[in-house]
Amino acid sequence: MSEPTQSSPTRPPTPSALSSRSDRQFEILILALASVIVLVFALSIYLLGSESWPALQRFGLEFFTQRTWNPVEGVFGAVAMITGTLVTSLVALAISVPLAIASALFVAEYAPKWLANPVGYLIELLAAVPSVVYGLWALFVIAPILSRWEQGFFQDPARLALYTSCKNLWDSGSTTLQCFFVPSTFDGRGLALAIIILTVMILPYTASVARDVIRLVPQEQREAMYALGATKWEVISRAILPYARAGIMGGVILALGRALGETLAVAMVIGDSQDVLKSLFGGASTMASVIANQFGDAQEALHRSSVVTLGLTLFFLSVIVNYVARLIIARLTPKGIQ
């Protein structure tokens, strides 16, 4: 009588096998999560493109060169909105970057610790303030100040004559460099107010990033410059800023992205005029502000499609800005830390 064969006991998996299996599962999970980002990007392009197609089919490239935006007549051109977006963002960036770098240098290099931490916290707190609060602050605090200045501008008869000549130019659809700096309204709202509020809103992004990268500069670099007899300014300009310039540029691009896409605060103060820019103190519009103001009221299919096309344009503009930023940062990064 044959005895039943005993099966050999199952050997537990080796640690290397467990590690290999876990690594594979983790790799699949990470790949799936990364694919979600690509899928969201592709779906965004598809949905925006499909909604924008009627307007693009109707106007073609003239949509980006047409100066008229008139929902009543069914004529839509995005030149005024594109120009307003670029002007408000770039001018606000040009004003905020020197202020942000100066504040970052003060906090990181000059201020004592008991002062640096509260100042740094207050700068970061500016980024947490809701956009609607900035908009209300601009309307109730800054706009009256601008309005009083604009009204006082015309107390001089010579300036009133200048305004009259500029108004004739504006009515004809043109302007001059001198007339661009002449107030065209008296309520304080307009392009200048939008630039001021954007400057305040984007300042903490560049300032916070610049402060952190300045603090990451190795102390040995500072000490080496001091050992050569360098002054404080020479240490900052030759040892600190060249090392930190890539990170600072990253903060600048982050601020630019915020400025390009800012909606509510700008829509509250910019004046909502779809005419091409004629005066720094006149009404204007950005792509984001037009989307916020007109998307809900766009009843006609062509009007809605044109508003969505502005969103598609803003989407691709943000992609281009980020791509150019990567190229600039890669070029500015010191060779030793790439």
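Trainee: Which residue's side chain meets that of R222 in a salt bridge?

Mentor: In this predicted model, the contact from R222 runs N to O at 2.7 Å. A salt bridge requires a side-chain nitrogen of Lys or Arg within 4 Å of a carboxyl oxygen of Asp or Glu, and this pair is listed as such a bridge. The partner of R222 is E109.

Trainee: How many residues apart are R222 and E109, and which helices hold them?

Mentor: The pair links distant parts of the chain. R222 belongs to helix α8 (residues 219-227), whereas E109 belongs to helix α2 (residues 79-110). Their separation is 113 residues.

Trainee: Are R222 and E109 buried or exposed?

Mentor: The term buried applies under 20% relative accessible area, and exposed applies over 50%. Both R222 and E109 fall in one class, namely buried.

Trainee: What separates D171 from K167 along helix α5?

Mentor: D171 and K167 form a salt bridge, with closest N and O atoms 3.3 Å apart. Both residues lie in helix α5 (residues 157-171), and because they are four residues apart there, the separation is about one helical turn.

Trainee: Which accessibility class does D171 fall into, and which does K167?

Mentor: D171 has 57% relative accessibility and therefore counts as exposed. K167 has 34% relative accessibility, so the class of K167 is partly exposed.

Trainee: Is R211, the salt-bridge partner of D212, buried or exposed?

Mentor: The closest N and O atoms of R211 and D212 are 3.3 Å apart. D212 counts as partly exposed, at 38% relative accessibility. R211 has a relative accessible area of 9%, and therefore R211 is buried.

Trainee: How many salt bridges does the structure hold?

Mentor: The pairs R222 and E109, D171 and K167, and R211 and D212 are among them. The structure's total of salt bridges is seven.

Trainee: What radius of gyration does the protein have, set against a compact globule of 338 residues?

Mentor: The C-alpha atoms fill a box of roughly 120 × 65 × 35 Å along the principal axes. A compact globule of 338 residues would have a radius of gyration near 20 Å. For the protein, the value is 28 Å.

Trainee: How many helices and strands are there in the protein?

Mentor: Read along the sequence, the pattern opens with α-β-β and continues in α elements. The count is 12 helices and two strands.

Definitions and conventions. Residues numbered from 1 in each chain as written. Predicted model: local features only at pLDDT ≥ 70, side-chain atom pairs only at ≥ 80, totals over all residues. Heavy atoms only, no water. Rg over C-alpha atoms; globule rule 2.2 N^0.38 Å. Buried < 20%, exposed > 50% of the residue type's maximum accessible area, 1.4 Å probe, protein only.
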